[in-house]
Amino acid sequence: MENTEQDNDDLLLDTSMSPVERLVKLSKSKRLLQRLVAAREVSVVIYNIEIYDAVEHILPVIIALSKDEEDAVREALATDIDKIMNYYYTHAPPSSHTPSIPPHSFAPILIDFLLEQNTSLASLAQQAIVAIAFKLADTPTTADNYQVDQKLLDTEIYDGILVGLLDIIHGRKLLDSFSSDINEDESIYSIKPKGNDIFLLRSPSIADKKINKTKQYDEGGLNLAKMVCLMLVSALADVFGADRCTEKFLPIIEEMINDQMFYVRKEAAGAVGSLAGIVPPNITLTKLIPIYSTLSKDTIWHVRRACLVILPALCEVLPLEMKKRMAVEGVEMFQNDVSKSVRNTLADIMGELISKFLPDDWKQTNMPGEVPKELLDYFISLGNALTSSQICKMDTDRAYNCAYNFPAVVLTTGVEYWDSHLKETYLNLTKDYQIKVRKSFAHSLHDIARIIGPERTERDLVQIFALYLMDLDDVKQGVLEHLADFLGVLAISSRNEYIPILAEVWDGVMVNWYLRDILTSQLRDIAKLFDASRVVEHILPLAIRACHDEFAAVRETGVEIFPVILEIVKRTVDEDGESLSNVDDLDGENDSVFERKQKYALALLNHVMEKLDELVRSDSYRTRLVFTQICRSLLQAGIDAGDFASFFLLRLLPLSKDRVVNVRIATSRTVYMICTFGGYRADIESITFSDVNESSNPKQILENILYNLISDRDRDVRYYVTECVSSEVYEQFIERKREGDGYLNKMATIPEYTDVVDDAECDPPVLNTPLSDHQEDIDVDYNIELEPDNNSVSLMNELLKKEEESKTEGINSEEKTESVVPLNGVNSHPVAEDEMMTDDLDMQEVQEIAEIAQHVYLAKVPAHMILNNSNTYSS
């Protein structure tokens, strides 16, 4: 006994057994954990063994696991049963050839799962059947296995599972899977050598034992089998197509509509709706409509409600006149139903029902549909103001249903019906006391605007638009998410009048960072609606505010606006300001209109560049970091190499020596993108400016930046640019520095209005306040995966070490110290990192803190949070 337990314990650790042997033993274990492992490994093992092993040894294991007494084991198997079936259907489908699985091998397993009281197991089985059926049906007609897969649909899915369920329903014996009384050592296949090959022959004596058991179901099991069968009919209608649905599925539905159990009839009604869009129109008229008429008068409200739910699907495939008649009769019948649930369901589906009257070619013709007056009257009644006495009688959700379906109804009925009937109801409902009603209208305001056009939008919707911008955040969010779409509907003259309110909208969301982020994301599309002057006047200030936001998400979203702003302004400059309209008030009376537009366009561009330059000069390290993100965004947008080199590259040079490591890391990422972005580096290095000296050319500036980054003492700064500099080039850098060549430390000259500040001005002061918990200390892009050359890295590290060893103590004393963000929120003088770390701490404590700080970047956790939580530092 002890030896047996020891053997069981060793099963999971034993590596001497083959995968097949291990899986077989695990499946026979008395321990739940080991059988769970077996159930979870089946779908992996079968893809790594020979086919005959999968058929001879693993298939019986699958059947045994499917009958396990523990639900957890069966659920583990059911989770991957579709993958298992796919393997066998692909590599060993039922056929006369060997190896192959017996017909209907998986049908008993799935039927048992479907009829389990465990709903999770039943749901997994149904999902597996649908998944494998769709996979078989999606096989291209030109594929070699097309005919095989189509046959599997008929024999395994329909004959095996659906007919198997019908056999249970009709009281016929259901063949069980392989009998448990088969000896464990017996195989259902025998091995017969033929030449150098080995073939498996099925053993009839063993196969016959497969059908010696039947499974009995009580009345509840029979009714459950009916429901499951109808649910599968609904789920598989698209897979089997028109002919198969007519031939195979329709008789099943006709058989079930008169069942004594109402929930069976309810499922039958749902199946009618699924078949309506699949079977030919004549079958719908002659078969499905009569079934619907019978079930819609059922005495149980569950069945009537199911008929009401499928009414839009039926109407969609009917001729127009019959559609009108059937829809009107349905509304008149169900609106007076004794069941409140049925009446509320009518309100739910009314918008969908009306939308079925929209012509198929409405996108091309823009023609409204012919909606019966009875349907529109009922829809409008849902939104009529309720008195206090009516509120008790009517569900308040009806107003919400009306609001949710309003765009579909307006689109179907057309603009004229908006003026005559819908507008009054709409305007009343937009002021409803329920938040969910106003929220629904806020999210669809732009859709209504598109349908009714600019003139009616300005007349009827602008007031609602302004009202919702001052509403609760949930309502305001719906307007902000589609702000550009709504402004795009307005006429240009009206649009220009409303753009100044953007600053007020921003002020209104200052207490909610998520709404600011949504508004910022809309600025890109809003900018495309206006000319350069209004973009610079109204959009640019908000983009700058977003870049200074205290939340990293807002800053990152704000970065994406600048490629659009620069594209609009630069295009205006290239066109000599032709698109500018408001130039009459500009100075220059002696200038022509063309000259004033030309000068104004250049002034706009200069203003944008000044604002970008202010980001580089900012005292806040986060703002300087944002500049590097803007550079990356511009590179991704495809900025011209000359434009980038003339302004942005030069401003990355001081950032490559920034005293805050976060900024240097961000700069390193940007330079990595320059060097790896499809020949962009070569384009920049080929550019020369005739009016500057050699050290100020883009190629030299880029080399200077790379030198600063590759020689940085922080490994995360060096990480991104390691593969951008060869070991030979880096050795040249070191050699030149040893020779005292000072060009590497020279600052290139920048035009007057954008002078780069000297080193003292570039170094930011210590921040006055500590980082907030919600602010990101380090910007990390986990999508970039680098695989630097290990030899190059080792060589560069060796060169760095040699350089450090060659430095004198005097040179070391002149190294520039790095500023750090204070942990206590007190504004103090800049302190070297080494001095701060070693103050009042022994070397062991310094080493422990260094190890913590070493992982700050990769962990994407603010440094102050890690250090504050460190026992070493707090001590």
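In this predicted model, helix α21 leans on helix α22 through V415, W418, D419, K423, Y426, L427 and L429. On the α22 side, the residues they meet are V437, F441, L445, I448, I451, I452, R456, R459, D460, L461 and I464. Sorted by class, that contact holds 13 nonpolar and five charged residues, with no polar ones.

How do the two helices sit relative to each other? Two packed helices are described by the angle between their axes and the distance between the axes. Here α21 covers residues 415-429 and α22 covers residues 435-468, and their axes come within 12 Å, crossing at roughly 140 degrees. An angle has to be over 145 to count as roughly antiparallel, so α21 and α22 end up as oblique to each other. The crossing of α21 past α22 is left-handed.

Now for another pair, α14 and α16. Helix α14 (residues 301-316) packs with helix α16 (residues 340-355) at about 5 degrees, and their axes are 10 Å apart. That angle is why α14 counts as roughly parallel to α16. From α14, the contact uses W301, R305, L308, V309, L311, P312 and C315, while α16 brings S341, V342, T345, L346, I349, E352 and L353. The tally for this contact is ten nonpolar, two polar and two charged residues.

Is L353 buried or exposed? L353 is part of helix α16, and it counts as buried because its relative accessibility is 0%. Apart from neighbours within four places in sequence, L353 touches L311, P312, C315, A327, V331 and L375. Three of those names, L311, P312 and C315, also turn up on the α14 side of the helix contact. L314 sits 39 residues from L353 along the chain, yet their C-alpha atoms are separated by 9.8 Å.

Next, a couple of backbone oddities. Most residues other than glycine have a negative phi, and most peptide bonds are trans. H104 and N366 go the other way on phi: H104 has a positive value of about 60 degrees, and N366 has a positive one near 60 degrees. Here they are side by side:

| Residue | Phi | Loop | Relative accessible area |
|---|---|---|---|
| H104 | about 60 degrees | between α6 (81-91) and α7 (107-114) | 31% |
| N366 | near 60 degrees | between α17 (362-365) and α18 (373-383) | 63% |

With those areas, H104 is partly exposed, whereas N366 is exposed.

Stepping back to the whole chain, there are 46 helices and two strands. Of its 875 residues, 49% count as buried. Among contacts with a separation of 6 or more, 71% join residues 24 or more positions apart.

How far should you trust the coordinates? The chain averages a pLDDT of 79, and 74% of the residues score at least 70. Two stretches deserve some care. Over residues 741-793, pLDDT stays under 50, and the model has 119 contacts beyond four places in sequence for them. Residues 806-875 also stay under 50, with 96 such contacts in the model. Where pLDDT is low, the predicted coordinates should not be read in detail.

Definitions and conventions: Residues are numbered from 1 along each chain as its sequence is written. This is a predicted model: local features need pLDDT of at least 70, side-chain atom pairs count only at pLDDT 80 or more; totals for chains, interfaces and linings use all residues. Side-chain values use heavy atoms; hydrogens and water are left out. Axes are lines fitted to C-alpha atoms, for helices over the stretch in contact, and angles run from 0 to 180 degrees between N-to-C directions. Helices (H or I, at least four residues) and strands (E, at least two) are DSSP runs, numbered from the N terminus. Angles under 35 degrees count as roughly parallel, over 145 as roughly antiparallel, 65 to 115 as roughly perpendicular and the rest as oblique. A crossing is left-handed if the near helix is turned anticlockwise from the far one by less than a right angle, and right-handed if clockwise. Contact means heavy atoms within 4.5 Å. Ala, Val, Leu, Ile, Met, Phe, Trp, Tyr, Cys and Pro count as nonpolar, Asp, Glu, Lys and Arg as charged, and the others, Gly among them, as polar. pLDDT is the predictor's confidence in each residue, from 0 to 100. Buried means under 20% relative accessible area, exposed over 50%, partly exposed in between (1.4 Å probe, protein chains only).
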